[in-house]
Amino acid sequence: MLGLTVPAVAQQVEDTTKVTRLQDVVVTASRLEERIAASPVTIEKVTAADFKRSPAISFFDALENTKGVQMITPSMGFKVINTRGFANTTNVRFVQLVDGMDNQAPHLGAPIANALGPNDLDIESVEIIPGAASALYGMNAINGLANFITKDPFKNKGFSVQQKIGFNRVASDFGTKPFTETSLRWAHVFHSRFAFKVNATFLRGTDWVANDHTDLNPNANSSTGLTGADNPARDPVNAYGNESSNRRTLSLNGKNYVVARTGYDERDVVDYGIRNAKADASIAYAITPDMRISYTCRIANLDNVYQRANRFRLDDYRLQQHGLTFQSPSVVIRAYVNLENTGKSYNARSMSENIDKSFKKDDVWYSDYTNAYKAAVTNGETVATAHHTARDAADAGRPQPGTPDFQNLIAQLGDINNWDYGAALRVQSRMVHAEGQVNLTKQLLQSFRTASGIDMLVGFDHRTYIIVPDGNYFVNPKETDKNITYGRSGAFVQLTRNFFSGKLKLGATLRADKNEYYALKWNPRFTAVFAPVEEHAFRFSYQNGYRFPSVFEAFSNVNSGGVTRVGGLPVMSSGIFETAYKRASIDAFQAAVNTGVNTNSLTRNEAIVKNQNLLAKNDYTYMEPEHIRSLEFGYRGQLLRGVLSWDIDFYYNRYDQFIAQVEMNIPQTTNPDSIAFYLVDKQKQDRYRMWTNSHTVTYNYGSSLGLVYRMPANFKIIGNATYSRLQRKTSNDGLEDGFNTPQWITNVSLGNDKFFGHVGFMVTYRWQSSYYWQSFLVNGDVPAYQTVDAQVSYQWSKVLLKIGGSNLFNRYYNSFLGGPSIGGLYYTSITVQL
């Protein structure tokens, strides 16, 4: 159980075994080393000792129990950290750093869990800011930031190895599967000046299965009484190839029926094998004892499942990061490059629909369906039975999952980089980043600091994304044969001053960011920390933050199943916004036409004319940056001579200009009298999914509380509770990302490092309330769930044996809709330090 950082005051806390001095120091909150009690914003620090106690299988998994943190699980190998609401499966609003370097996959604009990060042997601590951090860390850190801090090779030398073995998918329909992970770390120092470290990890397992068969289109044929299993337009959540673009309206014996292609379950087209091979190496030279230069290289190769609007199989996906850092007491300069190659990855939806189409084109399939239906009705079958008969006839000879022919099709289509015919995801991208910061009053302006009492920190950064156009996912509209470049630059100045003998600390930060497509954006932050005594500290902050569109949101140009997804920059989408009609209004119009034909005895043309007023012209336009204003109060304190520590925060946020997607279609005619007749027929309109801004202004608020109670005999109780609430919206156009956040998340742990001799244990209980999930794949309620995690450990000399389990009672749950069902994961871990 993790999540409370106790104030870093030099207090002595006595128990029956020892005296502990609490001296927690953080660097992330202000980009300067400071006691956590002096931090001007909420920050959670989780240490290597906390991870060692945790029953989670890895340090990254253990972060789910941190105060204020919500973890979403699209895959066992792809977990997403979020704080303070508006979560999604690719969280571009939350920044994840490793030793100050952003480890995102460039084209995604977000990290792939910890695929490129440190292993359990090299993690020193994690510092999480739950809330806006744009003023210091730039655009995109508007929901929060995590900084993974690794071990210093000068201070942590030697060789260590860790082996984990375990199993998951117990008591499921898909069979129990093994899990293994091997990690090593080696660090050495030469002649007190040179140090290096090498880490490597190889993980292999089998993913959880996404197998939700809830119908996303249950009312498509309700006017004809065909619902449930008889609905010929049925669209299960985790079955693909039967979405809107794979349906037609057929006129059969005087009735209109919406009919979908059959599609395939996700488990039919996705390999659920999980693999992550990663390694990193660092070399550092100490110019003086407090000045050094270092180089770090990280590489990773992985197979797992990733989710955006669709689910993807990541296969032979490759990531690299190379970084150079100079650091002194007053200056930090850092430059790094991230490299991404999606390898043999593919889109599960495109794979499913194109297996169907490769077997039989849509026109042929629907013709066969129509003829078989009419023949079945003529032979006396009921309407419902005739539809089943028609599907069986149209599907005759269809490739069957698990057969050699089916696997060959997956291999062939997975290598075709056009989602109208294949399924390949073929992206190569780079992100180049450089930044620097100078503490001007540390050495250069000491006289100014002495005279004014002001500390001054200044910094700058520049980032450029470079995308290789692949002709399917990305297209350069300016010069089709050249790479896409997309960059931004920023700079900040931070001033702080102490008053009343250090009891009050005020701070002000101003940051400016510029992107070639947008005007200069200003991000201010104002903070105050009041500590009347060492044991108690009150904090306040106000922040303004912006988020520039990610590369995908800005430049995507994906043609998927006849629906083209287009980035929201004018250079990508000029002319579409001005001439399109909203897809939601077209769906309502088509449904009304079908109802008119089926129940009101109208002709098709009469129904079109009667309902054409339902069609709504698009009123969205080109994309602007997202914006947040955030207000926060907090308190950290100790009671009972340090036996009880607690930390509480309250926040209030205002979001506007949410970057989101809207579907709109353009009729293939400019004649006003013909538009409705074209929009009733999917074959006579061009379909788009556009990146734009929501019209909604949204307000949310929340609070979190963390407690640590140190009991006699080395027992410890740790608990936290997080409350998140969507207060109101000025409108509800449905485009903004859903709040997608439980109202309550609670964690309670009981542990003892030395329960009996060398034996320790920890038990963690987690409960999460139900919440509404909104996404392009599926909307609906995520049920509440509760889990129990536990571990028992034995520490002997330099060997640690740990036996544990997550979701100990194997009660399957979903962390969000559209994703996998998550059961128990049971493991044994042995760590040896030499």
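**View 1. A five-stranded open sheet of mixed pairing.** In this predicted model, five strands make up an open sheet, ordered 5-10-11-8-9, with mixed pairing. Strands here are DSSP runs of E, at least two residues long, and helices are runs of H or I of at least four residues, numbered from the N terminus. Two strands pair if DSSP finds at least two bridges between them. Strand 5 (44-47) and strand 9 (101-102) are the edge strands, each pairing on one side only. Inside the sheet, strand 8 (residues 94-98) and strand 11 (residues 144-150) run parallel, joined by five bridges. V95 stands opposite L145 of strand 11. Residues are numbered from 1 along each chain as its sequence is written. Local features need pLDDT of at least 70, side-chain atom pairs count only at pLDDT 80 or more, and totals for chains, interfaces and linings use all residues, while side-chain values use heavy atoms, with hydrogens and water left out.

**View 2. Strands 38, 39 and 40.** Strand 38 (residues 715-729) pairs with strand 39 (residues 744-756) through nine bridges, in the antiparallel sense. G719 has V748 of strand 39 as its bridge partner. Strand 39 also runs antiparallel to strand 40 (residues 759-768), again with nine bridges. Here N747 stands opposite R766. Two residues separate strand 39 from strand 40 in a hairpin, and G757 in the turn has a positive phi of about 65 degrees.

**View 3. The largest cavity.** A cavity is a set of points on a 1 Å grid over the protein atoms alone where a 1.4 Å probe fits but cannot get out; lining residues have an atom within 4 Å of a point. Points are joined across faces, edges and corners, and volume is the space filled by probe spheres set on them. The whole structure holds 10 cavities of 30 Å³ or more. The largest has about 700 Å³ of space. Its lining counts 44 residues, and I57, S58, D61, M76 and K79 are the closest to the centre. Strand 19 gives the most to this lining, four residues.

**View 4. The second largest cavity.** This cavity encloses about 190 Å³. It is lined by 21 residues; V95, L97, D102, Y137 and R463 are the closest to its centre. Strand 8, helix 3 (134-137), strand 24 (428-439) and strand 25 (454-468) each give two or more residues to the lining. Strand 8 has the largest share, three residues.

Conventions. 1 Å grid on protein atoms, 1.4 Å probe; cavity = no way out; pocket = protein on both sides within 12 Å on 5 of 7 lines; lining within 4 Å.
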